[in-house]
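Biologist: I would like to learn how features are read from a model such as this one, beginning with a single side chain and working outwards.

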Amino acid sequence: MNIILFGPPGSGKGTQADKLVKNLNLYKVSTGDLLRNEINNKTSLGGKIKILIDKGNFVSDKIINDLIINIISNNKLSNHLIFDGYPRNINQAESLDSMLIKYKQKISCVLSLKVEKDIVLKRILGRQVCSKCGLVYNKFFNPSNKNNHKCEPHHLKIREDDTEETVMKRLLTYSKVTFPLINYYEKQDLVKEIDGNGKIDQIHEEISNIIKSLGT
Ligand SMILES: [Zn+2]
């Protein structure tokens, strides 16, 4: 089975993808990870990608598709894929469909995480990472205290790009460019909505039940 996890920034789709990888023996396909791997492995493509990113330019759909086809054409991973943050636009979705057809695979379902906007904002803007031990807390939902964290509070830092301005920008791009993909997949009758407002384990259970009901 191949699954697409869909949702705005702060919807927790990365966390859910990681849990599914662990519990269902799926392979996570994240374009961020694929791009970082190329750069870290110093491939010739990685060199090109690094120049683009360093200049602040977007990585083209062509490069992304070249990375994705490496995964889809890999027999060992066939029908065990969970896509996290890809496809990001209609162009990529159409390419994905034709790559899957070529390698005799298909998407089993598109899980769309629905999260209220003020929860998304609190999840992102409240995020605090400890610069000493690396643990991640949230000012609103999971504050650091003496019982759950041994470091001094001044080690807690907010990520540079977790400002209200950049979050609003990311949400706007999502609603303009990525959200229309829901229609694309609804036409294929693949979309299942998930209530993403609750706790991580609760959401994971809801997702697992849907996947079980697919019966593959
Ligand atoms: Zn710490």
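Modeller: Let us begin with N89, where a polar atom of the side chain lies 3.2 Å from the backbone nitrogen of N91. A polar contact is a pair of N or O atoms within 3.5 Å, where within protein one atom must be able to donate a hydrogen and the other to accept it, and residues adjacent in sequence count only if both atoms are side-chain atoms. This is a predicted model, in which local features need pLDDT of at least 70 and side-chain atom pairs count only at pLDDT 80 or more, while totals for chains, interfaces and linings use all residues. Residues are numbered from 1 along each chain as its sequence is written, and side-chain values use heavy atoms, with hydrogens and water left out.

Biologist: Which backbone nitrogen does the side chain of N89 reach at 2.8 Å?

Modeller: That is the backbone nitrogen of Q92. As for its setting, N89 is placed in the loop between β3 (81–84) and α5 (90–102), where helices (H or I, at least four residues) and strands (E, at least two) are DSSP runs numbered from the N terminus.

Biologist: Does the position of N89 count as buried or exposed, and what does N89 touch?

Modeller: Residues are called buried under 20% relative accessible area, exposed over 50% and partly exposed in between, with a 1.4 Å probe and protein chains only. N89 has a relative accessibility of 16%, so it counts as buried. Contact means heavy atoms within 4.5 Å, and, leaving aside residues up to four places away in sequence, N89 touches D61, V177 and L181.

Biologist: The loop that holds N89 also contains a proline; where is the place of P87, and which peptide bond is cis?

Modeller: P87 is likewise in the loop between β3 and α5, and the cis peptide bond is the one from Y86 to P87, with omega near -10 degrees.

Biologist: Y86 carries a ring, which leads me to ask how aromatic pairs are recognised.

Modeller: Rings of Phe, Tyr and Trp (its six-membered ring) pair if their centres lie within 6.5 Å, and planes under 30 degrees apart count as stacked, over 60 as edge-to-face and the rest as tilted. This rule gives a count of four aromatic pairs. One of them joins F83 and Y86 in a tilted arrangement, at 5.9 Å centre to centre and with 40 degrees between the planes, and both F83 and Y86 are buried. Another tilted pair is formed by Y174 and F179, whose centres are 6.4 Å apart and whose planes make 55 degrees. Here Y174 counts as buried because its relative accessibility is 12%, whereas F179, at 35%, is partly exposed. F6 joins Y174 and F179 in one aromatic cluster.

Biologist: A ring can also face a charge, I believe; over which ring does the charged end of K122 sit?

Modeller: A charge sits over a ring if NZ of Lys or CZ of Arg is within 6 Å of the ring centre and within 35 degrees of the ring normal. The charged end of K122 sits over the ring of F140, at 5.6 Å from the centre of that ring. K122 and F140 are 18 residues apart along the chain, and 6.7 Å separates their C-alpha atoms. K122 belongs to helix α6 (residues 117–125) and, with a relative accessible area of 36%, is partly exposed.

Biologist: Which residues other than glycine have a positive phi?

Modeller: Among them is N79, with phi near 60 degrees, which is placed in the loop between α4 (61–72) and β3 and is partly exposed at 30% relative accessibility. K104 has a positive phi of about 55 degrees; K104 lies in the loop between α5 and β4 (109–114) and is exposed, with a relative accessible area of 75%.

Biologist: Finally, how many helices and strands are there in the protein chain?

Modeller: The protein chain has nine helices and eight strands. Its radius of gyration is 18 Å, close to the 17 Å that the globule rule gives for 216 residues, so the protein chain is as compact as a globular protein of that length; the radius is taken over C-alpha atoms, and the rule is 2.2 Å times the number of residues to the power 0.38. Of the 216 residues, 41% count as buried.
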